[in-house]
Amino acid sequence: MGRHPSRRHVSPEEAPAGHRIRARRRELGLTQAELAGEEYTKSFISQLESGSAEPSLDTLRFLGRRLQLGLSTMAGDDTDQRLSLLAGLLSWAERAAGLDPDAARRALGLAQEIAREGGAETYAADALLRLADLEMHAGALDRAAAHVLDAAGYAGAPGSRIAARVALAGGRLALRRGDPAAAMPAFLQAAGTARRTVRHPDVAVEALIGLAACCVEQRDLRQARRRLQSAVTLAARHHLPSHGRALIRLAMVDGLTGRVADALTSLRRANDLLAGAADQRDRIDALLGIGLLLLERGETRDAAHALGEARDLARRLGEPSRECDVAIAQARAALAVADVDAASRLVAEARALSDGARSPSTSARIDAVTGRVLSAQGRHAEAVGMLAGALALIEAARTPGELAEAARAMGHSARASGDPDTAARHLALAERVARARRPTPWLNDLA
């Protein structure tokens, strides 16, 4: 019986990477579990050897050390060069994302094209998911959704890492669109995959943060806090970059439940962790949170210092929306020490920073501080008009510190304008909110 025409002898150099890994493992007398070590799992090694999983450059380097083989032998020279180029593009795009998003988009687009043409599906999906993150950060949700849909085409097995990351991105998109009910199952899917596969603690942390965000939207702060405590513990155990981010989110929930001391401790830990990070964007949130919590406690000098650091960092990183948030907080701090001129200047800067991309909630917060400035200047009729439109949106946004300040200013201006009923109603609202003793949350998007 003749040889099947599709079969031919393949030299070791021509064999797929998985075949070379298996042959060398057997040569050294290692089991799949022994080769996996603590970094990977036996099932993942089995998938690599059978060709059902594609090794990344980091995986090839790890296995090469254990198998005493060079990278070129593990992957083949052409594959080695392609994977090195892809890894370099993805790494550069990650560093550039905070400073030059357009350049990061171009690098990721190029990486996705090279990976697709070379059959490196894992890298193609990675590039698409990073592009989706960039677009979500920019508020371009439709473009982000298109990238996530394209990445899903590379997801492979339901339990794979890419499938988990696609689910994670889908959950974030749903949250950004104000649909926590749709986000919850997506985050649960990502968390379930990561929990079953010990190689993905980073995905598990992000899924836990996403689940906590859903809990916050559904007013279940106790469950949100439990999820975030688990995320912080897991990130610390594996020394993950997301450790600082998880601490910031835990601090936000602690702030919402009145645990101000715990929130400040978490934020200071996060700020220290993030000080040397390649991506400093999360550090803006840590410093902003510190400033606002100190402002709530009446520690205006220390609050102003933290907010000044946050503003400088946001300006340096080219983050106008975050700089706008900080400028609003700085204006509130200036009003707390009766520096009306500084507050007027800062609120004008916040308004300029928000032009062209202003959300209704941001506009309301700017109008509320503007109204407080007008009230402090004795321009009560103008203050009442400005504050009237802002108060409802601020109340809906669940920012109690800002709500109390704006309601109090409305009360004083209404009284000065000869409207005692409006004055009494708003002063009572300010008192009721102040009694709750819940500080202002500072993040627009927990996930």
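# Helices, Salt Bridges and Buried Residues

Good morning. The protein has 23 helices and zero strands. Please keep in mind throughout that this is a predicted model. Of its 447 residues, 51% are buried. Among the contacts with a separation of 6 or more, 58% are between residues 24 or more positions apart.

Let me begin with helix 9. Helix 9 covers residues 141-152 and therefore has 12 residues; from the first C-alpha to the last it reaches 16 Å, close to the 16 Å expected at 1.5 Å a residue. Which residues of helix 9 are buried? They are L141, A144, H147, V148 and A151. When one looks down the axis of helix 9, these buried residues fall within an arc of 120 degrees, so they line one face of the helix. Their packing partners are helix 8, residues 121-138, and helix 10, residues 161-176. On the other side of helix 9, D142 and L149 are exposed.

D142 brings us to the salt bridges. As a general point, side chains of opposite charge can pair when their charged atoms come close. A search of the whole structure finds 31 salt bridges, and I shall discuss three of them.

The first example joins D142 to R177, with the closest N and O atoms 3.2 Å apart. D142 belongs to helix 9, while R177 is in the loop between helix 10 and helix 11 (180-196), so the pair ties together parts that are 35 residues apart in sequence. D142 has a relative accessible area of 62%, which means that D142 is exposed. R177, at 46% relative accessibility, counts as partly exposed.

The second example is the salt bridge between R172 and E206, where the closest N and O atoms are 2.8 Å apart. Here too, distant parts of the chain are linked: R172 is in helix 10 and E206 is in helix 12, 34 residues apart. Are R172 and E206 buried or exposed? Both R172 and E206 are buried.

The third example is the salt bridge between D312 and R315, at 3.4 Å from N to O. Both residues are in helix 17, residues 300-316, and they lie three residues apart, about one turn of the helix. D312 is partly exposed, with a relative accessible area of 43%, and R315 is partly exposed as well, at 45%. Salt bridges that share partners join D312 and R315 with R311, E323, R345 and E349 into one network.

Let us now return to helix 12, the helix that holds E206. Helix 12 runs over residues 201-217, has 17 residues, and reaches 25 Å from its first C-alpha to its last, close to the 24 Å expected at 1.5 Å a residue. How many of the 17 residues of helix 12 are buried? The number is 15, and helix 12 is thus described as mostly covered. After helix 12 comes R219, whose phi is positive, near 70 degrees.

I turn next to the cysteines. A disulfide is a covalent bond between the sulfur atoms of two cysteines. In this model, the count comes to zero disulfides. Take C215 as an example: the nearest cysteine sulfur, that of C214, is 6.9 Å away, whereas a disulfide needs the two sulfur atoms within 2.5 Å. C215 is at 4% relative accessibility and therefore counts as buried. Another cysteine, C324, is buried too, with a relative accessible area of 2%.

What of the aromatic rings? The structure holds one aromatic pair. The rings of Y40 and F44 have their centres 5.2 Å apart and their planes at 20 degrees, so the pair is stacked. Y40 and F44 are both buried.

My final residue is Q112, which lies in helix 7, residues 101-118. Is Q112 buried or exposed? At 15% relative accessibility, Q112 counts as buried, because the cut-off for a buried residue is under 20%. Which residues are in contact with Q112, leaving aside its neighbours within four places in sequence? They are A124, A127, L128 and Y154.

To close, I would ask you to find two places in the structure. One is helix 9, with its buried residues lining one face. The other is the salt bridge between R172 and E206, two residues that are both buried. Thank you for your attention.

Technical notes. Residues numbered from 1 in each chain as written. Predicted model: local features only at pLDDT ≥ 70, side-chain atom pairs only at ≥ 80, totals over all residues. Heavy atoms only, no water. Helix = DSSP H or I, 4+ residues; strand = E, 2+ residues; numbered from the N terminus. Expected span 1.5 Å × (residues − 1). Buried < 20%, exposed > 50% of the residue type's maximum accessible area, 1.4 Å probe, protein only. Arc of directions from axis to C-beta. Contact = heavy atoms within 4.5 Å. Salt bridge = Lys/Arg side-chain N within 4 Å of Asp/Glu carboxyl O. Phe/Tyr/Trp six-rings, centres within 6.5 Å; stacked < 30°, edge-to-face > 60°.
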